[in-house]
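Q: I should like to learn how salt bridges are read in a structure. May we work through one together?

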Amino acid sequence: MAARMTRRPAVFLLLAAALLAVAVQPAAATLHPVDYLALQAVRRALSDLPGSGFFASWDFTGDPCGFAGVSCSGDGRVVTLALGDPRAGAPGLSGAFPSAALARLSALSSLSLVPGRVSGGLSSAVAALPSLRFLALSGNLISGNLPGAFSPALRTVDLSKNSFSGKIPSSLLQIRSLRTLVLSHNSLSGEIPKTVSSPLVHLDLRNNRLSGGVPPLPMTVVYLSLAGNRLSGRVGGVLRRLTRLSFLDLGGNWFSGEVPGEVFSFRIGYLQLRKNAFSGELRPAGWLPSGATVDLSHNALSGRVPAELASAAAVYLNGNKFAGAVPAEIVAAAEGGRMRVLFLQDNFLTGISVRGVPSSAAVCAHWNCVAPPPTVVAACPAKGGRGRRRPPAQCGGRRG
């Protein structure tokens, strides 16, 4: 009996010692040592901008897997790293992009950085992490060339609104899993790679310095923006294949030739081709989806305005060479309020009669061969475009 009583305190002491050891053992021990050191290096490289408290929870006396923006796998590897407060309008981070530290997170599948003032370069060692599926670093000051190698697992890449320069690497557009690629608002130059085999759904390359033509694109594309570059040539053959398009913006380039009529029959809600060199007549293959926005302004399109545009909610045809009367279907759509914006100014139209337009709509037809001027002209912008043209003989040498 006495022996039993003497053993119980010993057992209790051992149990208490074990519990105490667990209690004082750093929780960070659950994280892989390499990842632990990598996160420490990330913290040393970056800091909160004034008003940001993102790193407040990054106390390395606790478990790093509980830090803001950090998620770990069951075996103690960092798999998600979302740097910065994700709330809209929240201040971002500053410092040098910690490529060397991030490259050590070999299990990382998602890496994001909120808009801020982070500078430096993006290395292939980070972009090509084997498990990386999501990479989004938009709205910072990251510069240099794009990496030459990328992870084959990537599905989304958003490097927009930075200072990247140089060419788009061909390997990026050949990733078999890539669905979304956003490189807009950088200083990328050269041609778009000629081989695009990624099954892209969303491709945004606007506001760069890209030149040359547009290569064949995958039929999976739904969103395409190439606006604000130096691209040229004909695009009819490329666009005809993209039957799933719902958003197309090619504005501010030097594309030429006819606008393919098939595009108007797609389920397209936004068609922006302004400020190019498109020419010839419009021959829509069908009626536009109801409520679409169509901007064909400041080109060299000619012939009659097609009635198939009447189903759109906003139509900008100003700054072209359209002639003849405006179709009755378009007039009815404007008068009925179904078409909220109709810009026709700076053409060679000879008949415009639009009456009773709702106050919420804008019908602009200045600078045509109209005498007398149209009944309703509201909120018309100032004249503009790529140079002025003299009116044809049938206008009597003046624009009415």
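**Reading the salt bridges**

A: Let us begin with one residue of this predicted model. Glu262 counts as partly exposed, because its relative accessibility is 31% and that class lies between the limits of 20% and 50%.

Q: Which side chain meets that of Glu262 in a salt bridge?

A: Side chains of opposite charge can pair when their charged atoms come close. Here the partner of Glu262 is Arg240, with 3.2 Å from N to O. The pair links distant parts of the chain, 22 residues apart: Arg240 lies in helix 5 (residues 236-240), and Glu262 in the loop between strand 18 (254-257) and strand 19 (270-272). Arg240 is partly exposed as well, at 41% relative accessible area.

Q: Which residue forms a salt bridge with Arg283 from the loop between strand 18 and strand 19?

A: That residue is Glu258, whose side chain meets that of Arg283 at 3.5 Å, N to O. Arg283 lies in the loop between strand 20 (277-281) and strand 21 (293-295), 25 residues apart from Glu258. Glu258 is partly exposed, with a relative accessibility of 43%. A network of salt bridges links Glu258, Glu281 and Arg283.

Q: Are Asp35 and Arg77 buried or exposed?

A: Both Asp35 and Arg77 are buried. Their side chains form a salt bridge of 3.0 Å, N to O. Asp35 belongs to helix 2 (residues 33-45), while Arg77 is in the loop between strand 2 (70-72) and strand 3 (78-83), 42 residues apart.

Q: How many salt bridges does the structure hold?

A: The structure holds 8 salt bridges, among them the pair of Asp35 and Arg77.

Conventions: Residues are numbered from 1 along each chain as its sequence is written. This is a predicted model: local features need pLDDT of at least 70, side-chain atom pairs count only at pLDDT 80 or more; totals for chains, interfaces and linings use all residues. Side-chain values use heavy atoms; hydrogens and water are left out. A salt bridge is a side-chain nitrogen of Lys or Arg within 4 Å of a carboxyl oxygen of Asp or Glu. Helices (H or I, at least four residues) and strands (E, at least two) are DSSP runs, numbered from the N terminus. Buried means under 20% relative accessible area, exposed over 50%, partly exposed in between (1.4 Å probe, protein chains only).
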